[in-house]
Amino acid sequence: RSLLIERGAPKLTEEEEEKAREEEETQVVVSAAATATTTTTVVSERCRRALSRCLRSKGFAWLANSDEAALYWSHAGRSFEMQCLGRWWATLPRDQWPPEAAETILAEFDDPNHVEDPTYPRDPVTVGDRRQEIVFIGPTLSDDDARSAVTEALDSCLLTREEWEVYRSCGG
């Protein structure tokens, strides 16, 4: 089994491809949703082994193709689902938040002073409550090598600094 990773990113550099060949990693075809092109990324054999022990994973995800949609990731056994739960709290005017939950909502923000308003310039650094927060459950997934392999694979799915700058310049 291979881990499929959805990612809107450029193709690997020659240096990354060379490193992958040297480490004899398994290649996995990836669909780049944002650009509607196909790219290739590399998932290490140690990551494949670690994730083969994963019984359940769940959490929240923020994809670069939507600045508003709060996605819920749910996996158990062979079943996987990612669904939109609604909008991130940061995208809603604060007067639409439940007053009794405002303090709890702000605790999830990277900066409680984060404001999104079409008439107010966007802060180039803060993102409100948007995040990647996924928990993996399974035997031996807590050992350092398994954790490191999964972290590396997931980190490779994140936008690069250059992609982040393009994303922010487009209003994301």
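Phe109 is buried in this predicted model, with a relative accessible area of 8%. Its aromatic partner is Trp97, which is likewise described as buried, at 7%. A search of the whole structure finds eight aromatic pairs, and several of them are set out below. A pair of aromatic rings is described by the distance of the centres and the angle of the planes.

**The pair of Trp73 and Phe80**
- The ring centres of Trp73 and Phe80 lie 5.1 Å apart, and the planes stand at 90°, so this pair is edge-to-face.
- Trp73 has a relative accessible area of 17% and counts as buried because the value is under 20%.
- Phe80 has a relative accessible area of 47% and is therefore partly exposed, a class that lies between buried (under 20%) and exposed (over 50%).

**The pair of Trp97 and Phe109**
- Trp97 and Phe109 are also edge-to-face, with 5.6 Å from centre to centre and 65° between the planes.
- This pair links distant parts of the chain, the two residues being twelve residues apart.
- Trp97 belongs to the loop between β5 (79–87) and α3 (102–107), whereas Phe109 belongs to the loop between α3 and β6 (133–137).

**An aromatic cluster**
- One aromatic cluster is formed by Trp62, Trp164 and Tyr167.

**Charges over rings**
- Trp62 of this cluster also has the charged end of Arg130 over its ring, 5.7 Å from the ring centre.
- The charged end of Arg131 sits over the ring of Phe60, at 5.1 Å from the centre of that ring.

Notes: Residues are numbered from 1 along each chain as its sequence is written. This is a predicted model: local features need pLDDT of at least 70, side-chain atom pairs count only at pLDDT 80 or more; totals for chains, interfaces and linings use all residues. Side-chain values use heavy atoms; hydrogens and water are left out. Rings of Phe, Tyr and Trp (its six-membered ring) pair if their centres lie within 6.5 Å; planes under 30 degrees apart count as stacked, over 60 as edge-to-face and the rest as tilted. Buried means under 20% relative accessible area, exposed over 50%, partly exposed in between (1.4 Å probe, protein chains only). Helices (H or I, at least four residues) and strands (E, at least two) are DSSP runs, numbered from the N terminus. A charge sits over a ring if NZ of Lys or CZ of Arg is within 6 Å of the ring centre and within 35 degrees of the ring normal.
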